[in-house]
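Hi everyone, thanks for having me. I'd like to walk you through a structure today, so have a look at it while I talk.

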Amino acid sequence: MYPHNNQPTAAALVVTLFLPLFSLVLLTLACGQKTDDQNATEKQDKAGAEAQEQSSPKPAPATGAGQARPTAPTRTPGVSGERLGLGTPVGPEVYAAWDIDVMPDGRGLPPGSGTAKKGAKLYKKYCVACHGATGKEGPMDKLVGGIGSLATASPLQTVGSYWPYATTLFDYLRRSMPMQAPQTLSNDEIYSLTGYVLFLNEIVGEDEVMNSTSVAAVKMPNRNGFITADSRPDTANDACMNDC
Amino acid sequence: MPAPVATGLIGMWGSAPGDGVAVGQADAMLHCGGSRVVTSGGETVSCATMTKKPSPSPSAPAVSRRRMLKAGLVAAGSTSMVAMAAHGDSKKVIRPLDVPPWTKSEGRNTGAAYGLPSRYEKHVGRMLTKNSPTKTASWSFTPIGDLHGMVTPNGLIFERHHAGIPDIDPAKHRLVVHGDVDQSLMFTMNDLKRFPAVSRFYFLECSGNTYMEWRQPTGGTVQWTHGLISCCQWTGVPLASILREAGMKPSARWLLAEGADGAAMTRSIPVSKAMDDVLVVYAQNGEMLRPEHGYPLRLIVPGWEGNVNVKWLRRIKLADKPFHTRQETSKYTDLQADGRARQFSFLMEAKSVITTPSVGQRLDSRGFYEIRGLAWSGLGRIARVDVSLDGGRNWQPAQLDEPVLPKCLTVFRMPWRWNGDRTAIMSRAIDETGYVQPTRKQIVAARGNNFWNHYNGIQAWQVETDGTVTNVPA
């Protein structure tokens with residue numbers, strides 16, 4: 001990895017031709033090599049900071065010495081300074097087939113359209129074995145029902161009762177379903193299946209057109225049911241030691 | 001269970017606990033008249049004379065096993081024995097030591113390309129859940145009650161898959177980084193291995209680990225109750241290094257990590273975490289990742305729920321907002337009693353469990369034992385583990401094995417003399433932030449009973465007077 005393999009040859013040449021200078025040159029070469037290694041070490045210091053700390057419970061030598069142990073690691077690992085030039089620059093035409101994610105505001109929804117009516121046939125063909133005739137039977141995830149059940153002792157978390165965004169349904173159907181042959185259906189078919197699962201949940205009509213604007217516009221019943229800030233720690237055990 | 005099958009006599013003599021065979025009946029030593037025994041799967045025995053002689057030592061676990069079967073305490077899968085006979089308490093006849101055949105013969109050949117555990121360890125294996133209707137979208141548990149130290153062997157790391165295990169050719173695998181970056185980049189595996197590499201120990205825990213204990217003790221083994229945890233030394237590249245190559249735009253606040261499996265599993269992760277300690281790894285415990293753990297490339301997100309550690313990583317997309325994928329909306333969210341759910345609750349808080357003694361094990365007699373267990377925290381290092389030997393009334397600090405690393409399994413130990421009484425034992429972890437592992441009651445009071453994930457309550461085991469161990473309310 002470090003460039004010092006040619007040095008014996010260079011040194012031999014020096015010995016033959018410039019014997020009086022031998023010691024001096026060899027010293028220079030040795031110093032040069034040492035400097036290379038030091039540079040490499042310095043470059044990796046930040047990347048290796050946590051690794052060093054992990055490798056020994058004692059303070060790491062040199063750079064690690066004297067550093068206080070952090071209470072919660074917040075170091076930024078990685079190579080500092082300039083880019084390494086690794087990887088190949090590519091454009092969307094290269095990764096288009098993988099770029100299939102969809103966001104709640106509709107970003108990523110592809111051209112195409114479908115309806116629940118068309119989706120009914122597809123559902124029978126691809127979905128019914130795992131999700132049941134009406135989406136309530138299983139054996140895999142129940143897709144339908146449960147609206148109003150979330151605050152009860154028997155919550156039923158389905159697409160209708162729980163999922164906050166219809167875009168998630170499109171995204172998941174397109175990337176992962178049907179289970180035995182994911183990413184084989186057309187965008188039109190995915191739009192139709194999205195519509196059908198929403199129709200079974202009485203969220204859209206049977207003939208309502210599902211496309212890149214309408215899916216993002218669907219208001220899911222549990223849209224506001226999520227808290228995104230982590231409130232933990234939400235317990236406070238006191239570590240009592242005696243007669244607790 | 002994909003337990004490795006060693007060359008030998010499995011099925012004839014070496015039936016291990018877990019096979020459903022009473023060990024004592026099959027337990028014997030094989031005596032061969034001079035020639036070597038080279039067999040496979042118990043089918044061919046190229047040995048001239050062969051006799052079965054009862055083996056003196058392993059009869060104790062055999063008895064334990066039968067008793068446990070009778071008592072209905074053996075859960076499906078691995079069950080280990082605590083065959084710790086104490087001095088002067090054995091009613092067994094002690095015979096003069098024999099010189100066994102393995103001492104009077106040459107062993108098997110050197111040079112197996114990949115070594116496997118002894119055939120006598122066949123009972124140590126992962127256990128598939130029975131709670132999933134498929135074997136592809138399923139999970140399996142690490143036998144933590146049978147393991148030693150802080151590192152989980154590669155073949156025993158718990159699994160969670162959403163569309164089975166893909167068979168990925170590393171020469172064809174690519175990682176694409178795009179979205180809110182200066183330059184979209186594509187990396188081959190060779191590209192990634194050219195980056196400065198780091199190797200770090202981190203635990204990996206499924207957010208659903210121990211969820212079954214939320215409502216009441218299940219009676220399961222520690223493999224069942226706490227086996228969705230493992231710990232490895234992971235080797236790879238800091239994600240920060242890769243992101244630096246692409247150059248993030250100021251708008252980039254979240255990233256989508258996507259797998260190349262049939263689920264194309266996706267999770268959104270804040271950029272702040274990515275720049276802190278997230279790794280893109282290709283190796284675990286010194287060798288390339290196993291297929292079931294993301295070969296050839298996966299994400300390791302230290303201290304955060306297992307699901308975000310996306311396996312078979314193929315794509316990272318930077319964006320201003322989270323993507324609200326199916327996993328992070330419908331699955332890995334925490335439903336509170338009021339019907340609202342917590343989302344993006346990534347952290348795995350401090351937790352501990354006693355692995356020895358635990359359900360499925362049995363103490364043979366009164367006297368000395370070492371209580372052993374594991375503790376971990378997604379916030380950093382374990383500062384202390386307390387153990388109670390009286391059902392939580394009094395506690396004392398346990399010894400911690402070095403090294404004690406942040407976001408890593410830490411082994412704790414406590415010497416103990418069992419007096420034969422019924423004894424409820426439990427452990428309580430405290431991490432370096434001062435967070436104390438809560439009781440089940442405290443968790444339920446804060447979150448209700450409809451949660452599935454992030455359960456880290458104190459676990460109690462009860463050693464009964466006959467030495468068996470049960471799972472009881474803490």
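Let me start with one bit of vocabulary: Ala, Val, Leu, Ile, Met, Phe, Trp, Tyr, Cys and Pro count as nonpolar, Asp, Glu, Lys and Arg count as charged, and the others, Gly among them, count as polar. Also keep in mind that what you see is a predicted model.

With that in hand, let's go to the second largest pocket. How many residues of each class line the second largest pocket? The lining has 30 nonpolar, 13 polar and five charged residues. That is a lining of 48 residues, and Met140(A), Asp141(A), Arg160(B), Arg326(B) and Lys331(B) lie nearest the centre. Both chains take part: chain A gives two or more residues from each of helices H4 (116–126), H5 (128–131), H6 (166–176) and H7 (187–200), and chain B does so from helix H7 (326–331). The space inside this pocket comes to about 1400 Å³.

Now, cavities. There are five of 30 Å³ or more in the structure. The largest cavity has a volume of about 210 Å³. Its lining is made of 18 residues, and nearest the centre you find Arg160(B), Arg298(B), Gly306(B), Asn307(B) and Lys311(B). By class, that lining splits into eight nonpolar, five polar and five charged residues.

Back to one of those helices. Is H6(A) enclosed or open? Here 11 of the 11 residues are buried, so H6(A) is largely enclosed by the rest of the structure. The buried residues include Leu169(A), Phe170(A) and Tyr172(A), and also Asp171(A), Arg174(A) and Arg175(A). What covers them? From chain A the cover includes H7 and helix H8 (214–217), and from chain B it includes S10, strand S11 (266–270), S15 and H7.

Over to chain B and its packing. In soluble globular proteins, nonpolar side chains tend to be buried together. The largest nonpolar core here has 39 residues, and Val177(B), Leu239(B) and Ile242(B) touch the most other members. Several elements of chain B supply at least two residues each, among them strand S6 (175–179), helix H5 (239–246) and strand S12 (279–284). The one that gives the most is H5(B), with four residues. To see how this looks from one residue, zoom in on Ile242(B): leaving aside neighbours within four places in sequence, its contacts are Leu175(B), Val177(B), Phe187(B), Leu192(B), Phe195(B), Val237(B) and Val280(B). There is also a second, separate core of 35 residues, which includes Ala398(B), Trp418(B), Ile425(B) and Tyr435(B).

One more residue in chain B: where does Thr152(B) sit? You'll find Thr152(B) in the loop between strand S4 (139–141) and strand S5 (159–160). Buried means under 20% relative accessible area, and Thr152(B) has 4%, so it counts as buried. Beyond four places in sequence, Thr152(B) touches residues including Thr142(B), Leu147(B), Cys231(B) and Asn285(B).

Last, chain A as a whole. Chain A has eight helices and four strands, and 39% of its 244 residues are buried. How far can we trust it? The mean pLDDT of chain A is 79, and 67% of its residues reach 70 or more. Residues 1–66 of chain A, though, have a pLDDT below 50, although the model gives this stretch 47 contacts beyond near neighbours in sequence. Residues 72–79 of chain A also stay under 50. Where pLDDT is low, the predicted coordinates should not be read in detail.

Technical notes: Residues numbered from 1 in each chain as written. Chains lettered and ligands numbered in written order. Predicted model: local features only at pLDDT ≥ 70, side-chain atom pairs only at ≥ 80, totals over all residues. Heavy atoms only, no water. pLDDT = per-residue confidence, 0-100. Contact = heavy atoms within 4.5 Å. 1 Å grid on protein atoms, 1.4 Å probe; cavity = no way out; pocket = protein on both sides within 12 Å on 5 of 7 lines; lining within 4 Å. Points joined across faces, edges and corners; volume = space filled by probe spheres on them. Core = buried A, V, L, I, M, F, W, Y, C linked by side-chain atoms within 4.5 Å. Buried < 20%, exposed > 50% of the residue type's maximum accessible area, 1.4 Å probe, protein only.
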